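This report covers strand pairing and nonpolar packing in one protein model. The sequence and structure come first.

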Amino acid sequence: MSKNKGFSNTSAQRYSLALYELSNEANSIVDIEKHTLAILDLIEKNKDFNNLIKDPTENQENLISVINKISETFKVNDLLKNFMTFLIKKRRFFYLEKILKSFIEICSEKRGEIKAEIQSAKELSNEEISKITEELSQNFSSKMKLNYKHDKSLIGGLIVKIGSTMVDTSIKNKLQQIENRMIEA
């Protein structure tokens, strides 16, 4: 591990793995994963909550009170609520988003899903995304967890990333390659 990087990805993975193992023991992985996604959505969409999490000077009692209110309102699993309270008490709540995202990745890996990312210049319909996911699943003989993004800057074509493999058929990439060849000439 490198020095002075603060809270590393390894630390986040350790916390998220602990949450996964506790969830597994309690036979509540599906429930906790659903609530984790809801909390991540709340972090993304609610600036006040996001700022509260990322404020290291925030009082622990206030944070615990907020977590209790959110847990009550959204009927969050007690194990997840207690885990978040634990993070507050250990002064690791600042990294909640990183830990929860890592937890979601662990759940996906344990189900045998392969993570794939697709960017397209044209906005794809749900049907097209499903068809691509199905074809990738067949080609890789594994379940796919697809992350789709629409990117107008590609001009045309697709970028598909699966693990360390990337296929870039975008016009933007082809123009960049032509520009590089002209510079080298």
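The notes below treat the strands, then the cores, of this predicted model.

**Strands**

Strand S3 takes part in two antiparallel pairings, one with strand S1 and one with strand S4. The table lists both.

| Pair | Residues | Sense | Bridges | A bridge or facing pair |
|---|---|---|---|---|
| S1 and S3 | 113-120 and 158-162 | antiparallel | five | Ser120 and Leu158 |
| S3 and S4 | 158-162 and 165-168 | antiparallel | four | Val160 and Val167 |

S3 and S4 are joined as a hairpin, with two residues between the strands. In that turn, Gly163 has a positive phi of about 60°.

**Cores**

In soluble globular proteins, nonpolar side chains tend to be buried together. The largest nonpolar core of this model holds 30 residues. Within it, the residues with the most contacts are Ile39, Phe49, Leu80, Met84, Phe93 and Leu96. At least two residues of this core come from each of the helices H1 (9-25), H2 (29-45), H3 (47-53), H4 (60-74), H5 (78-89) and H6 (96-110). H6 supplies the largest share, seven residues.

Which residues does Phe49 contact, leaving aside its neighbours within four places in sequence? They are Ile39, Leu42, Ile43, Val66, Ile67 and Ile70. Of these, Ile39 is also listed among the residues with the most contacts inside the core.

Another core, of six residues, lies apart from the largest one. Its members include Ile118, Met144, Val160 and Ile162. Val160 is thus shared by two parts of this account: it belongs to the six-residue core, and Val160 stands opposite Val167 in S4.

Definitions and conventions. Residues numbered from 1 in each chain as written. Predicted model: local features only at pLDDT ≥ 70, side-chain atom pairs only at ≥ 80, totals over all residues. Heavy atoms only, no water. Pairing = 2+ DSSP bridges. Core = buried A, V, L, I, M, F, W, Y, C linked by side-chain atoms within 4.5 Å. Buried < 20%, exposed > 50% of the residue type's maximum accessible area, 1.4 Å probe, protein only. Contact = heavy atoms within 4.5 Å.
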